[in-house]
Amino acid sequence: MITTYNVRNGLLVSHEGPPGSARALAPEDVVWHDMQAPSLEEERQLEALLGVEIPTREEMEEIEASSRLYTEGGAFFLTATVVANAQSETPQLAPVTFILSGNRLVTVRYHEPRSFATFRQRAAKTDLGIRSGTTLLIALFETVTDRLADILEAAARRHEEISRDVFVSGARSPEQRNQLSQILERIGQAEDMNAKIKESIATLDRVIGFFSLAPDTKKGATERRTRIKTVARDLRSLADYANAQTQKITFLLDATLGMINIEQNSIIKIFSVAAVVFLPPTLIASIYGMNFHFMPEISFTYGYPMALGMMVLSAIGPYFFFKRKGWL
């Protein structure tokens, strides 16, 4: 699907339909062609309209910098990975290609990041200073960066919840001990989310650096250069924050594994103490279980209760010893 946007009174107005429908608009007003999961026919129509070659999905997913950041025929091709479905259990990270061709911006994507919907809503109600494809791209980068900051803040709050669950005060109940394995799963999900955020920040930072070389951002456009530098600074600060969260996730993982080891050691300790407690009674029972014909206690009237008493006392003694030492 392709949605074409133009600017009226400083606001973004959408026109859904085939690329050829943009011919009815004034050329200076058309600023954005947003392509979401376009078909091959739609790609060909837009290529014929703008005179640029739209990269395929496979080309967008290539990791080489030369395949993600390049100029061709006077157009800038910028590909960054953007996070979507951040609040779900399966966040998505997929590439988005930004093509700046003259006064127009083309975006190609195969998923739906919330930042795009947020940008469309804001630009339709508020004048964001969009006058060309360049200013639109800057405003879109600002929205994507803001959305990344929101995702990172939400992830940091989830990390705090995991931390509270790991370091629960007081004695752990059996239910809390069983939750440690669930906490490990949450830590794994947190690491996966944080890795996606870091990758998105890194690719956007490279895109911003390459985009700053565009002629429309270098010649006399002081406000544009300032906004680009601000976005770059924000991305660097987000990268530092994401790195700090990586260290916290690693600490939580180590702490959780340590807690699991402590719980396992406690269980093993109980079995060890139980084995030591029952060792003396077992020894006594083994002695009196020997069926020799001549044993002093065989003819003793109270031999049986005496043996039982010795077994009980030999078990109680080690139990109280371990209790006094604080091993139980």
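The following is a dialogue about a predicted model, on why certain of its features carry the labels they do.

Visitor: Why is Ile 201 called buried?

Guide: Ile 201 has a relative accessibility of 3%. Buried means under 20%, so Ile 201 counts as buried. Ile 201 is found in helix 6, residues 174-211. The C-alpha atoms of Ile 201 and Ala 80 are separated by 8.8 Å, while the two residues are 121 residues apart along the chain.

Visitor: What makes Arg 109 and Asp 34 a salt bridge?

Guide: The closest N and O atoms of Arg 109 and Asp 34 are 2.6 Å apart. A salt bridge needs a side-chain nitrogen of Lys or Arg within 4 Å of a carboxyl oxygen of Asp or Glu, so this pair counts. Side chains of opposite charge can pair when their charged atoms come close.

Visitor: Which parts of the chain does that pair tie together?

Guide: Arg 109 lies in strand 7 (residues 104-109) and Asp 34 in strand 3 (residues 30-36), so the bridge ties together parts that are 75 residues apart in sequence. Arg 109 and Asp 34 are buried. Asp 34 and Arg 109 are also linked with Glu 112 and Arg 120 in a network of salt bridges.

Visitor: How do you know that Glu 61 and Arg 57 form a salt bridge?

Guide: Their closest N and O atoms are 3.7 Å apart. The limit is 4 Å, so the pair of Glu 61 and Arg 57 meets the rule. By this rule the count comes to 9 salt bridges.

Visitor: Are Glu 61 and Arg 57 buried or exposed, and what makes them so?

Guide: Neither word applies, because Glu 61 has a relative accessible area of 43% and Arg 57 has a relative accessibility of 40%. Partly exposed covers the range between under 20% and over 50%, so Glu 61 is partly exposed, and Arg 57 counts as partly exposed too.

Visitor: Why is Lys 196 called buried, and why is Asp 192 called partly exposed?

Guide: Lys 196 has a relative accessible area of 17%, and is therefore buried, the cut-off being under 20%. Asp 192 has a relative accessibility of 34%, so Asp 192 counts as partly exposed. The side chains of Lys 196 and Asp 192 meet in a salt bridge, at 2.9 Å from N to O. Both residues lie in helix 6, 4 residues apart, about one turn of the helix.

Visitor: Why is helix 5 called roughly parallel to helix 8?

Guide: The axes of helix 5 (residues 133-166) and helix 8 cross at roughly 20 degrees and come within 10 Å. Angles under 35 degrees count as roughly parallel, and that makes helix 5 roughly parallel to helix 8. Helix 5 passes helix 8 in a left-handed crossing.

Visitor: What makes helix 4 and helix 5 oblique to each other?

Guide: Helix 4 (residues 114-125) and helix 5 pack at an angle of about 125 degrees, with their axes 9 Å apart. Roughly perpendicular covers 65 to 115 degrees and roughly antiparallel starts over 145. The angle of about 125 degrees falls in neither range, and helix 4 and helix 5 are therefore oblique to each other. The crossing of helix 4 and helix 5 is right-handed.

Visitor: How do you know that Met 290 can belong to a nonpolar patch on the surface?

Guide: Met 290 has a relative accessible area of 37%, and patches are made of residues with over 30%. Met 290 is partly exposed and is found in the loop between helix 8 and helix 9 (303-325). The patch is formed by Met 290 with Leu 283, Ile 287, Tyr 288 and Met 310, with about 420 Å² of accessible area together. Helix 8 (residues 222-288) gives the largest share of the patch, 3 residues.

Visitor: What makes the phi of Ala 37 and of Asn 85 worth a remark?

Guide: Most residues other than glycine have a negative phi. Phi of Ala 37 is near 50 degrees, a positive value, and Asn 85 has a positive phi of about 55 degrees. Ala 37 lies in the loop between strand 3 and helix 1 (40-50), and Asn 85 in the loop between strand 5 (75-84) and strand 6 (92-101). Ala 37 is partly exposed at 45% relative accessible area, and Asn 85 is partly exposed at 44%.

Notes
Residues numbered from 1 in each chain as written. Predicted model: local features only at pLDDT ≥ 70, side-chain atom pairs only at ≥ 80, totals over all residues. Heavy atoms only, no water. Patch = residues over 30% accessible without salt bridge, like charges linked within 9 Å, V, L, I, M, F, W, Y side chains within 5 Å. Areas by Shrake-Rupley, 256 points an atom, 1.4 Å probe, with all protein chains shown as cover. Helix = DSSP H or I, 4+ residues; strand = E, 2+ residues; numbered from the N terminus. Buried < 20%, exposed > 50% of the residue type's maximum accessible area, 1.4 Å probe, protein only. Axes fitted to C-alpha atoms, helices over the stretch in contact; angles between N-to-C directions. Left-handed = near helix turned anticlockwise from the far one by under 90°.
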